[in-house]
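Reader: Please take one part of this protein and go through it closely. I would like to know what packs against what, and which charged pairs are found there.

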Amino acid sequence: MFNLPQNIDRSQQRSVAKSVLSQLVLVSRPNLEDEQFDKTRWTKDLSPFLQLWKRLNQGSDLVKLSPDQVPSPGEQDPPLLAFLLLERQVAIKLLQQVHADLSKISKVIRGTLLLTTDVKENATALLKHEVPSSWCRKWEGPAARYTGYGL
């Protein structure tokens, strides 16, 4: 009738589902702006994330590399190889930043480190299902922050 494709109803359903899911995330997202440090809540909500990060890094030495151990592009390297080496350097620095921040959050939960504003900001962002702004500043990519884990 309107010369629309036969699967237009699926596209419309997908659009509605995405909208509903984003609204559900907003409803389920707690208001953490004024909340103080709650060790029980942090332990309950962040421990699975911290344990997953620990398992993902087992057997990997990337978080321990010093800047001079990461190969830099040479003058004779082809442009594609130079680009890939530079991207690898940035990725390793970001990985190390994420690891350091998650380690600080873990230490605060265990009580071996005092709570600082940057640790609180990172943990609060993770509790809100958002990427911490300190990580976004290190990322050289799209400016939009990824929120919602899968939306």
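Author: In this predicted model, the axes of H3 and H4 cross at roughly 95° and come within 10 Å. An angle from 65 to 115 degrees counts as roughly perpendicular, so H3 is roughly perpendicular to H4. On the H3 side the contact is made by Asp101, Leu102, Lys104, Ile105 and Val108. On the H4 side the residues are Asp118, Val119, Asn122, Ala123 and Leu126.

Two of the residues named in this contact, Lys104 and Asp118, also form a salt bridge, with their closest N and O atoms 4.0 Å apart. Asp118 lies in H4 and Lys104 in H3, which covers residues 79–110, so the pair ties together parts that are 14 residues apart in sequence. Neither partner falls in the buried class: Asp118 is partly exposed at a relative accessible area of 34%, and Lys104 is partly exposed at 32%.

H4 also packs against a second helix. Helix H2, residues 39–57, and helix H4, residues 117–127, have their axes 10 Å apart and pack at an angle of about 80°. This angle makes H2 roughly perpendicular to H4. From H2, the residues that meet H4 are Trp42, Asp45, Leu46 and Phe49. Their counterparts in H4 are Val119, Lys120, Ala123, Leu126 and Leu127. Val119, Ala123 and Leu126 therefore appear on the H4 side of both contacts, the one with H3 and the one with H2.

Asp45, one of the H2 residues that meet H4, has charged partners of its own. Asp45 forms a salt bridge with Arg41, and the closest N and O atoms of that pair are 2.8 Å apart. Both residues lie in helix H2, four residues apart, which is about one turn of the helix. Asp45 also forms a salt bridge with Lys44, where the closest N and O atoms are 3.4 Å apart. Lys44 is exposed, because its relative accessibility is 63% and the cut-off for that class is over 50%. Asp45 is partly exposed, with a relative accessible area of 30%.

The structure holds three salt bridges. The one between Asp118 and Lys104 links H4 to H3. In that case the two residues sit in separate helices, whereas Arg41 and Asp45 share helix H2. Salt bridges with shared partners join Arg41, Lys44 and Asp45 into one network.

As for the setting of this part, the protein has five helices and zero strands, and its pattern along the sequence reads α-α-α-α-α. Of its 151 residues, 23% count as buried. Among contacts in the protein with a separation of 6 or more, 59% are between residues 24 or more positions apart. The accessible surface of the protein comes to about 11,200 Å², and carbon and sulfur atoms account for 57% of it.

One more surface feature belongs to the start of the chain. Phe2, Leu4 and Ile8 form a nonpolar patch on the surface, and together they have about 340 Å² of accessible area. Leu4 is placed in the segment before helix H1, which covers 8–28. With a relative accessible area of 54%, Leu4 is exposed.

Notes
Residues numbered from 1 in each chain as written. Predicted model: local features only at pLDDT ≥ 70, side-chain atom pairs only at ≥ 80, totals over all residues. Heavy atoms only, no water. Patch = residues over 30% accessible without salt bridge, like charges linked within 9 Å, V, L, I, M, F, W, Y side chains within 5 Å. Areas by Shrake-Rupley, 256 points an atom, 1.4 Å probe, with all protein chains shown as cover. Salt bridge = Lys/Arg side-chain N within 4 Å of Asp/Glu carboxyl O. Buried < 20%, exposed > 50% of the residue type's maximum accessible area, 1.4 Å probe, protein only. Axes fitted to C-alpha atoms, helices over the stretch in contact; angles between N-to-C directions. Parallel < 35°, antiparallel > 145°, perpendicular 65-115°, else oblique. Contact = heavy atoms within 4.5 Å.
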